[in-house]
Amino acid sequence: MAAASVDLELVRRTLETNLFGMWRLVQAVTPLMRAGGYGRIVNISCGLAFIPRGASAYRVSKSAVNALTRVFADELAGDGILVNA
């Protein structure tokens, strides 16, 4: 579906699941990993994030997952926590 006509409720639900679900989980496990000085976080992404056609809500959510994964990787590297997707 084209981004110009996509149902924004669908976008909200997709972001809630794919982006905010991942974000909440990382926030929940990070204190334990920091305390142990070690951890691995693997976020699930998809090649569709890079394809110019397809479900726009899903593509945007997975692009956001990729971006946030890089943010977490930078922030947590000094704590011995590897983050990738």
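This is a short talk on the strands, aromatic pairs and salt bridges of the structure above.

Okay, thanks everyone. One thing up front: this is a predicted model, so please hear everything I say with that in mind.

Let me start with the strands. We have β1, residues 39–42, and it pairs with β2 in the parallel sense, over four bridges. If you want a spot to look at in that pairing, go to Arg-40, which stands opposite Leu-82 in β2. Now, stay on β2, residues 81–84, because the side chains there alternate, and by the definition of buried, under 20% relative accessible area, they split by face. Which ones are buried? Ile-81 and Val-83, and those two point to one face. Leu-82 and Asn-84 point to the other face, and they are not buried. So the Leu-82 that sits across from Arg-40 belongs to the face that isn't buried, given that cut-off of 20%.

Right, on to the aromatics. How many aromatic pairs does the structure hold? Two. Phe-20 and Trp-23 make one of them, a stacked pair, with 6.3 Å centre to centre and 20 degrees between the planes. Where do these two sit? Both are in helix α1, residues 8–36, and because they are three residues apart there, about one helical turn separates them. As for burial, Phe-20 comes out at 33% relative accessibility, so it counts as partly exposed. Trp-23 is at 33% as well, so that one is also partly exposed.

Trp-23 has another partner, Phe-72: the ring centres are 6.5 Å apart and the planes are at 90 degrees, which is why we call this pair edge-to-face. This pair links distant parts of the chain, with Trp-23 in helix α1 and Phe-72 in helix α2, residues 56–76, and the two positions 49 residues apart. And is Phe-72 buried or exposed? It's buried, with a relative accessible area of 8%. Put the ring pairs together and you get a cluster of Phe-20, Trp-23 and Phe-72.

Last topic, salt bridges. Searching the whole structure turns up four of them, and I'll walk you through some. Let's go to Glu-9. Its side chain meets that of Arg-12 in a salt bridge, 2.6 Å from N to O. These two are three residues apart in helix α1, so there's about one helical turn between them. Glu-9 also has a salt bridge with Arg-13, this time at 3.8 Å, N to O. Again we're within helix α1, now four residues apart, about one turn of the helix. What do you get when you link Glu-9, Arg-12 and Arg-13? A network of salt bridges.

How accessible are the members of that network? Glu-9 is at 34% relative accessibility, so it counts as partly exposed. Arg-12 is partly exposed too, at 43%, and Arg-13 is partly exposed with a relative accessible area of 41%.

One more for you: Glu-16 forms a salt bridge with Arg-24, and the closest N and O atoms there are 2.6 Å apart. Glu-16 has a relative accessible area of 31%, which makes it partly exposed, and Arg-24, at 46% relative accessibility, is partly exposed as well.

That's what I wanted to show. If you only click on one residue afterwards, try Trp-23: it stacks with Phe-20 and meets Phe-72 edge-to-face. Happy to take questions.

Definitions and conventions: Residues are numbered from 1 along each chain as its sequence is written. This is a predicted model: local features need pLDDT of at least 70, side-chain atom pairs count only at pLDDT 80 or more; totals for chains, interfaces and linings use all residues. Side-chain values use heavy atoms; hydrogens and water are left out. Buried means under 20% relative accessible area, exposed over 50%, partly exposed in between (1.4 Å probe, protein chains only). Two strands pair if DSSP finds at least two bridges between them. Rings of Phe, Tyr and Trp (its six-membered ring) pair if their centres lie within 6.5 Å; planes under 30 degrees apart count as stacked, over 60 as edge-to-face and the rest as tilted. A salt bridge is a side-chain nitrogen of Lys or Arg within 4 Å of a carboxyl oxygen of Asp or Glu.
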